[in-house]
Amino acid sequence: MAERSLRGTNLSWLSFESDEGVTFSERTITKYICPDGHISELPFSVEADVPSLWECRCGLDAKLVDGPEPEAKATKPQRTHWDMLLERRSIPELEELLEERLALLRESRGEKPSRKRSA
């Protein structure tokens, strides 16, 4: 019986709300231009903070036309594997580990152990 009462109401896409009595805020059209020359025109409320950058349809960052220059974000230098290794071990420790691993490698190859070099 419940199936019959819902039939024909289009609950999946039909809304029973209306726009009567709704007042929309004032809007301004803002223009953005990307490095490839694409122009995007977007409506923003007069009261809204308009961003200085907007992602263009091509994926690049578009700048606000006649707007302030976007703030440069502080970027950290990329950490390499060597940087992370030096956070855990000192150079003398690394040299000692290298000598141990080389001795094991030479032993597995059947080579004679070499004397430690003095610098």
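1. **The S3–S4 pairing.** Leu 53 stands opposite Lys 63 in S4. One step along, Trp 54 has Ala 62 in S4 as its bridge partner. Strand S3 covers residues 53-55 and pairs with S4 in the antiparallel sense, over three bridges. Keep in mind while reading that this is a predicted model.

2. **The hairpin turn.** S3 and S4 form a hairpin. Five residues lie between the two strands. Gly 59 sits in that turn, and its phi is positive, at about 100°.

3. **The other side of S4.** Strand S1, residues 27-33, also pairs with S4. The sense is again antiparallel, and there are two bridges. Here Tyr 32 is the residue to find: it stands opposite Leu 64 in S4.

4. **The whole sheet.** Put the strands together and the order is S2-S1-S4-S3. The sheet is open, has four strands, and its pairing is antiparallel. S2 and S3 are the edge strands, each pairing on one side only. From one strand to the next, the twist averages 40°. As background, strands of a sheet pair through backbone hydrogen bonds, either parallel or antiparallel.

5. **The nonpolar core.** Which residues make up the largest nonpolar core? There are seven: Tyr 32, Cys 34, Leu 42, Phe 44, Cys 56, Ala 62 and Leu 64. Two elements give two or more residues to this core, strand S2 (39-45) and strand S4 (61-64). In soluble globular proteins, nonpolar side chains tend to be buried together.

6. **Ala 62 and its contacts.** Ala 62 belongs to the core. Leaving aside residues up to four places away in sequence, Ala 62 touches Tyr 32, Ile 33 and Cys 34. On the same terms, Ala 62 also touches Ser 52, Leu 53, Trp 54 and Cys 56. Trp 54 in that list is also the bridge partner of Ala 62.

7. **Aromatic rings.** A search of the whole structure finds two aromatic pairs. In one of them, Phe 44 and Trp 54 meet edge-to-face, 5.7 Å centre to centre, with 85° between the planes. This pair links distant parts of the chain, with Phe 44 in strand S2 and Trp 54 in strand S3, ten residues apart. Ring pairs join Tyr 32, Phe 44 and Trp 54 into a cluster.

8. **Buried or partly exposed rings?** Phe 44 and Trp 54 differ in burial class. Phe 44 has 13% relative accessibility, so it counts as buried. Trp 54 has a relative accessible area of 35%, so it is partly exposed. The cut-off for buried is under 20%.

9. **A buried serine in S2.** Ser 40 lies in strand S2. Is Ser 40 buried or exposed? Ser 40 counts as buried because its relative accessibility is 13%. Not counting residues up to four places away in sequence, Ser 40 touches Thr 30, Lys 31 and Tyr 32.

10. **A salt bridge between S1 and S2.** The count of salt bridges comes to three. One of them joins the side chains of Glu 41 and Lys 31, at 3.6 Å from N to O. Glu 41 lies in strand S2 and Lys 31 in strand S1, so the pair ties together parts that are ten residues apart in sequence. Glu 41 is partly exposed at 49% relative accessibility. Lys 31 is partly exposed too, at 41%.

11. **Two further salt bridges.** Lys 63 forms a salt bridge with Glu 69, with the closest N and O atoms 3.4 Å apart. Lys 63 counts as partly exposed at 40% relative accessibility, whereas Glu 69 counts as exposed at 60%. Glu 87 forms a salt bridge with Arg 79, and here the closest N and O atoms are 3.4 Å apart. Glu 87 counts as exposed at 55%, and Arg 79 as partly exposed at 47%.

12. **The loop after S4.** Gly 67 lies in the loop between S4 and helix H2 (81-88). Its relative accessible area is 30%, so Gly 67 is partly exposed. How far apart are Gly 67 and Tyr 32 in sequence and in space, and what are the two figures? They are 35 residues apart in sequence and 9.3 Å apart in space, C-alpha to C-alpha.

Terms used: Residues numbered from 1 in each chain as written. Predicted model: local features only at pLDDT ≥ 70, side-chain atom pairs only at ≥ 80, totals over all residues. Heavy atoms only, no water. Core = buried A, V, L, I, M, F, W, Y, C linked by side-chain atoms within 4.5 Å. Buried < 20%, exposed > 50% of the residue type's maximum accessible area, 1.4 Å probe, protein only. Contact = heavy atoms within 4.5 Å. Pairing = 2+ DSSP bridges. Phe/Tyr/Trp six-rings, centres within 6.5 Å; stacked < 30°, edge-to-face > 60°. Salt bridge = Lys/Arg side-chain N within 4 Å of Asp/Glu carboxyl O. Axes fitted to C-alpha atoms, helices over the stretch in contact; angles between N-to-C directions.
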